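Q: Hey, I've just opened this one and could use a walk-through. Mind if I throw some quick questions at you?

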Amino acid sequence: MELSPHGLSAFRGLLRLRIKAAELPGGVGESRASHPEGFGWCEGAGKWCDLSLLCCLFAEQRQERGGRMNVGTAHSEVNPNTRVMNSRGIWLSYVLAIGLLHVVLLSIPFVSVPVVWTLTNLIHNTGMYIFLHTVKGTPFETPDQGKARLLTHWEQMDYGVQFTASRKFLTITPIVLYFLTSFYTKYDQIHFVLNTVSLMSVLIPKLPQLHGVRIFGINKY
Amino acid sequence: MATAAEQWVLVEMVQALYEAPAYHLILEGILILWIIRLLFSKTYKLQERSDLTVKEKEELIEEWQPEPLVPPISKDHPALNYNVVSGPPSHNIVVNGKKCVNFASFNFLGLLDNPRVKAAALASLKKYGVGTCGPRGFYGTFDVHLDLEDRLAKFMKTEEAIIYSYGFATIASAIPAYSKRGDIVFVDRAACFAIQKGLQASRSDIKLFQHNDMADLERLLKEQEMEDQKNPRKARVTRRFIVVEGLYMNTGTICPLPELVKLKYKYKARIFLEESLSFGVLGEYGRGVTEHFGISIDDIDLISANMENSLASIGGFCCGRSFVIDHQRLSGQGYCFSASLPPLLAAAAIEALNIMEENPGIFLVLKEKCARIHKALQGISGLKVVGESLSPAFHLQLTDSTGSRDKDVQLLQEIVKHCMDRSIALTQARYLEKEEKCLPPPRRRTGESRAHDQGGGPGCAAVGRVLGPDGRLPRGTRTGLWSLPCDLGEACVYLEGGHRAAWVWTAPNHEEDAGYF
């Protein structure tokens, strides 16, 4: 679904009065600058939490984001790892993959629904931990002489800029999955322990304070 | 599927929600708040917080004065007063319209104006044109390139070779292709500028050891070993390299390769050998310093040389094991991102290789001539010879510096000019003073060029020495010089009387080359 620039600016026009430019989530700075009137005159309007506006902003970001990653061409992206999670269609693929995992687990006979949900959650979080927070470096040679050799994929994303759209998405997804899992396990205690530990193992490495931190030297080199 | 007790009827699920334990719901509440906080946080770069206030930034901007685009330089700057060469820089070189004996070019084997080489280049020019108009990856690979790579690999007895189109770029691209951030390179202090640029581009940790001092290198390697023992996990991902030159351009000395190979196996480092001056010079068949010392070529991980000296072509090559050289086909920046070597130069290099392979005797002749020249140049007051007797490129350095580098440079320039007036073309060794890591003292460089022609043709080498007590130039003093005809065309004359001057040359027509000063 493509939102045309005109539709977007019209929609934005309706919400202009409620926005204070500086308070908005970043990554939309480019579109702000391109807007002819800017938002300077909105000072004092206060921060306004409008869900529809947020959706609109994310969609805008997605437009700018999509299709930037050129694989196998002579591109100028020094480390393509930083832009993978911004590519067109990857968020949807990711969600669908979780769905696929869940459906596959559901097809196993004699496994109850709460167990399936817990398994989905655990497998998803384990996979996320391995791919985002354990594996370091790049599978290809980068022209920056190995700057990212000791960095995990999470640390490489967007060149270390915190709270970009992809990072937020990847933080929120395990939380949403956790909510669903808690619901479907009927808030059982054992399931709670397993799921919560797994969720913490995936949320804590994503904190900006833990950027580049290796506890007890694990996974340092 | 599920048992009756575990049916997920929606109503039951919602009921479970109402009966959920408090801790769980509190946790979920915290997580929802976390999500909301996330959605509204700004992106920021971790290290970018600058501690300057807006006022300080303004002040700094006010203070800044732009430097002139063209800094003021004196009229005597060498870049503004260059000598113009017309014609080929072979044994005789025409500098500023004056014919001189060429002691400035690195035409070691005299292949520059060899008729066979020229014919091969012309034939290739007629077949391919002049340039390739493309890097190796984009239709810039011609059969002559593959041919030359093949021939070089066979000549050096390695598995594979790779060609670069610019000699400086060869070693400067090879080093950063293997050595990255976090790796350690042990390099000699007297390494040439190309190696220094390669090391700079590699972003690795550089450890310099004293020139040709194996004890110093061993000390550094031992220190590194101790650090590795403290942190074995880091050591496992750190690569170690030793970069040396076979024949150093800056000092004319040969590296002690047998000790280096021993150190390599003891401390597990890889050796990169830069053989620009020793390729086609050292060794029985001209294969370089490995042949000179009788070391198996498999002990050296990478040999890099430029073809601009002995092979009298342009460009450079690296040779070694296949899996080492293949890596450079994608990671060698000078290979992937520069146009490939013009085919006529590749054909010239192939022909030069042919000549080298057919007449292995020329290397012996070169060695003899080098030794003779070195001997003849000893004992000049004021100048000392820096370099081994085997080296065709050596330096004449002032024994006592005048105190300031500029004065030294000026004095040497006068000497060079004086020699030019006497038809001997010498050059000062030039350095980018601000860019060199360890700047060598000012010196004059002599390149011996030996030609080997079967019929005793004009193999000519002449060296002028200008002497004076305390290294001063003799001005206005009449000094005579005689040439002694001799079968080999060799003459050595000394003149007494406060000034010693010696001309040593081997030329059949020495009358032409006799010099007076």
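Q: Let's start with A:Thr164. Where is A:Thr164 found in chain A?
A: This is a predicted model, so keep that in mind throughout. A:Thr164 sits in the loop between β1 (161–162) and α7 (165–184) of chain A.

Q: Is A:Thr164 buried or exposed?
A: A:Thr164 counts as buried, because its relative accessibility is 11% and the cut-off for buried is under 20%.

Q: And what is A:Thr164 in contact with, leaving aside neighbours within four places in sequence?
A: Leaving those neighbours aside, A:Thr164 is in contact with A:Asp158 and B:Thr43.

Q: Tell me about A:Asp158 then. Where is the place of A:Asp158?
A: A:Asp158 is in the loop between α6 (153–156) and β1 of chain A. A:Asp158 is buried, at 8% relative accessibility. Its phi is near 55°, a positive value in a residue other than glycine.

Q: What about A:Tyr159, what's its phi?
A: Phi of A:Tyr159 is near 55°, again a positive value in a residue other than glycine. A:Tyr159 is found in the loop between α6 and β1 of chain A.

Q: Why does A:Tyr159 count as partly exposed?
A: Because its relative accessible area is 37%, and partly exposed covers what lies between under 20% and over 50%.

Q: Moving along chain A, where does A:Thr171 lie?
A: A:Thr171 lies in helix α7 of chain A, and with a relative accessible area of 6% it is buried.

Q: Which residues does A:Thr171 touch, not counting those up to four places away in sequence?
A: From chain A, A:Thr171 touches A:Trp154, A:Leu203 and A:Lys206. From chain B, A:Thr171 touches B:Trp34 and B:Leu38.

Q: What does the side chain of A:Thr171 reach?
A: It reaches the backbone oxygen of A:Arg167, at 2.5 Å. On another note, the C-alpha atoms of A:Thr171 and A:Leu207 are separated by 9.5 Å, with their positions 36 residues apart along the chain.

Q: Now the two chains together. How many residues does the contact take from chain B and from chain A?
A: The contact takes 45 residues from chain B and 47 residues from chain A. The area buried between the chains is about 4,400 Å², and carbon and sulfur atoms give 67% of that.

Q: Which three residues supply more than any other three of the area that chain B buries against chain A?
A: Those are B:Met13, B:Phe40 and B:Arg181, which supply 15% of the area that chain B buries against chain A.

Q: How many salt bridges are there across the interface?
A: The rule finds three salt bridges there. The side chains of B:Glu12 and A:Lys186 meet in a salt bridge, at 3.6 Å from N to O. The rule also finds 15 residue pairs in polar contact across the interface, both residues at pLDDT 80 or more.

Q: Which element gives the most to the side of chain B that touches chain A?
A: That's α2(B), with 11 residues.

Q: Let's switch to chain B itself. How many helices and strands are there in chain B?
A: Chain B has 17 helices and 19 strands. Of its 517 residues, 50% count as buried.

Q: Which residues touch the most other members in the largest nonpolar core?
A: B:Leu148 and B:Leu152 do, in a core of 67 residues. Helix α14 (residues 343–358) of chain B gives the largest share of this core, nine residues.

Q: What does B:Leu148 touch, not counting residues up to four places away in sequence?
A: Its contacts include B:Ile163, B:Met307, B:Leu341 and B:Leu353. Apart from this core lies another one of 23 residues, among them B:Tyr164 and B:Phe241.

Q: What about B:Gln397, where is its place?
A: B:Gln397 is in strand β13 (residues 393–398) of chain B, and at 11% relative accessibility it is buried. Its contacts, beyond residues up to four places away in sequence, include B:Gly382, B:Val386 and B:Arg443.

Q: Last one: where does UniProt place the "transmembrane region" in chain A?
A: The unreviewed UniProt entry places that feature at residues 91–117 of chain A. In the model, the span is 78% helix and 0% strand, with its end C-alpha atoms 21 Å apart.

Key: Residues are numbered from 1 along each chain as its sequence is written. Chains are lettered from A and ligands numbered from 1 in the order in which they are written. This is a predicted model: local features need pLDDT of at least 70, side-chain atom pairs count only at pLDDT 80 or more; totals for chains, interfaces and linings use all residues. Side-chain values use heavy atoms; hydrogens and water are left out. Helices (H or I, at least four residues) and strands (E, at least two) are DSSP runs, numbered from the N terminus. Buried means under 20% relative accessible area, exposed over 50%, partly exposed in between (1.4 Å probe, protein chains only). Contact means heavy atoms within 4.5 Å. A nonpolar core is a set of buried Ala, Val, Leu, Ile, Met, Phe, Trp, Tyr and Cys residues joined through side-chain atoms within 4.5 Å. UniProt positions are given in the numbering used here, feature names are shortened, and annotations may be inferred rather than shown by experiment. Buried area is the accessible area (1.4 Å probe) that two parts lose on being put together, summed over both. A salt bridge is a side-chain nitrogen of Lys or Arg within 4 Å of a carboxyl oxygen of Asp or Glu. A polar contact is a pair of N or O atoms within 3.5 Å; within protein, one must be able to donate a hydrogen and the other to accept it, and residues adjacent in sequence count only if both atoms are side-chain atoms.
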